[in-house]
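User: Please take a close look at one helix of this model and at the parts that surround it. I would like a connected account rather than a list.

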Amino acid sequence: MFGSLKFKFGSMSAGYLLLVLAAAGAGAWGVISIDSAVGQASTTATALRNHMQADMMHDALRADVLAALLAAQEHASLDGVNADLAEHVTSFEESLDANRALPLSDDIEKTMTDLDKPLAAYIAAAKDIIDLAGQDVSIAHRALPSFLEAFSALETAMGDAGDKIEASVGESQAGASHTTSVAKMALGIVTIISLILSIALFVMNWMAIITPITRLAETMGLLKDGQNAVTVPGIDRSDEIGTMAQAVENFRLAGIERINIEAEDHGNPEDPAILLVMGYTAQLVYWPMDFVNGLVKNGFRVITFDNRDVGLSYK
């Protein structure tokens with residue numbers, strides 16, 4: 001069973017299938033790994049962009065407070081300042097909320113949560129001082145130190161969050177680069193192994209199947225030309241090629257059995273032999289016996305024969 005051509009062809013087909021599956025699996029793993037790494041890098045890059053936007057709003061709220069104090073001193077309207085403050089607060093909160101919605105690390109998520117308290121205090125301080133500026137600018141000025149203290153506290157928390165996000169961006173980029181390198185290496189290794197195994201399977205197929213069948217075909221050609229002395233290759237094989245070789249051997253033996261040359265031997269077998277060859281399609285009886293006997297008397301062994309397919313000779 002294991003030596004049959006059916007088993008060999010099945011094994012080779014299974015081998016080629018495994019090569020295809022291995023190459024496809026390595027390619028799929030590479031694509032999925034790279035996609036995951038690129039996605040993580042994109043997420044952290046988005047988080048950094050959102051944080052930079054929030055950091056700008058952090059400074060914008062301070063500018064709104066200073067603008068309110070200046071407008072109050074000049075007895076100008078604070079409507080524009082209040083509109084800017086509302087817009088900046090909304091943008092600030094949206095940027096931070098966008099980061100909270102991203103699948104970031106536990107450490108970064110904790111840092112984002114830690115921003116809630118100083119952020120609320122900072123926004124409340126900004127709104128209070130602007131409201132005071134609309135009522136009494138001197139009282140608003142006295143509240144400025146506490147506002148700046150809230151600004152500094154939030155700035156420290158924002159800086160900590162920014163450092164961790166930047167570090168995460170670097171790690172994600174490094175991870176993406178490493179994953180890409182590993183995926184390329186894996187694909188390269190699988191390609192090389194597939195090439196080596198393909199060559200090995202081809203050589204095995206050539207040596208175990210193609211070459212023996214080719215030699216059998218050549219032997220059949222020699223037998224067709226009447227060369228029955230040839231040795232049939234592959235008789236000792238236990239597979240289908242061995243069966244074919246045995247059939248060719250039987251054909252060779254049958255060919256030998258079908259050849260029979262009618263011949264007559266005259267004289268002493270120990271004397272020098274003379275083979276008398278009559279013309280094409282002639283029989284041995286065409287040789288005059290006086291001629292044959294004369295040669296025998298002169299010390300020769302005389303051999304005569306019927307040509308093939310003539311008289312008693314047949315193929």
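Analyst: Asp106 and Lys110 are the exposed residues on the face of helix H3 that is turned away from its buried side. The model is a predicted one, and H3 spans residues 106–114. Its buried residues are Ile108, Thr111 and Met112. Viewed down the axis of H3, these buried residues fall within an arc of 100°, so they line one face of the helix. A general feature of helices accounts for such a pattern: an α-helix has 3.6 residues a turn, so residues three or four places apart point the same way. The cover over the buried residues of H3 includes helix H2 (79–100), helix H4 (116–135) and helix H6 (144–224).

Two of these covering helices, H4 and H6, are also linked by an aromatic pair, with Tyr122 in helix H4 and Phe151 in helix H6, 29 residues apart. The pair of Tyr122 and Phe151 is tilted, at 5.8 Å centre to centre and with 55° between the planes. Tyr122 has a relative accessible area of 0%, and because buried means under 20%, this residue counts as buried. Phe151 is buried as well, with a relative accessible area of 5%. Together with Phe147, these residues form one aromatic cluster.

Helix H6 also holds Phe202 and Trp206, which lie 4 residues apart, about one turn of the helix. Their ring centres are 6.0 Å apart and their planes stand at 35°, so this pair is tilted. Phe202 is partly exposed, with a relative accessible area of 48%, and Trp206 is likewise partly exposed at 44% relative accessibility. In total, the structure holds 4 aromatic pairs.

Beyond these helices, the model has an open sheet of 3 strands in the order E1-E3-E2, with mixed pairing. Strand E1 (263–266) and strand E2 (273–276) are the edge strands, each pairing on one side only. On average, neighbouring strands of this sheet are turned by 20° against each other, direction ignored. E2 pairs with strand E3 (residues 301–305) in the parallel sense over 4 bridges, and Ala273 stands opposite Arg301 in E3. Helix H8 (residues 289–297) lies across E1, E2 and E3 and runs at about 165° to E2.

Conventions:
Residues numbered from 1 in each chain as written. Predicted model: local features only at pLDDT ≥ 70, side-chain atom pairs only at ≥ 80, totals over all residues. Heavy atoms only, no water. Pairing = 2+ DSSP bridges. Helix = DSSP H or I, 4+ residues; strand = E, 2+ residues; numbered from the N terminus. Axes fitted to C-alpha atoms, helices over the stretch in contact; angles between N-to-C directions. Contact = heavy atoms within 4.5 Å. Buried < 20%, exposed > 50% of the residue type's maximum accessible area, 1.4 Å probe, protein only. Arc of directions from axis to C-beta. Phe/Tyr/Trp six-rings, centres within 6.5 Å; stacked < 30°, edge-to-face > 60°.
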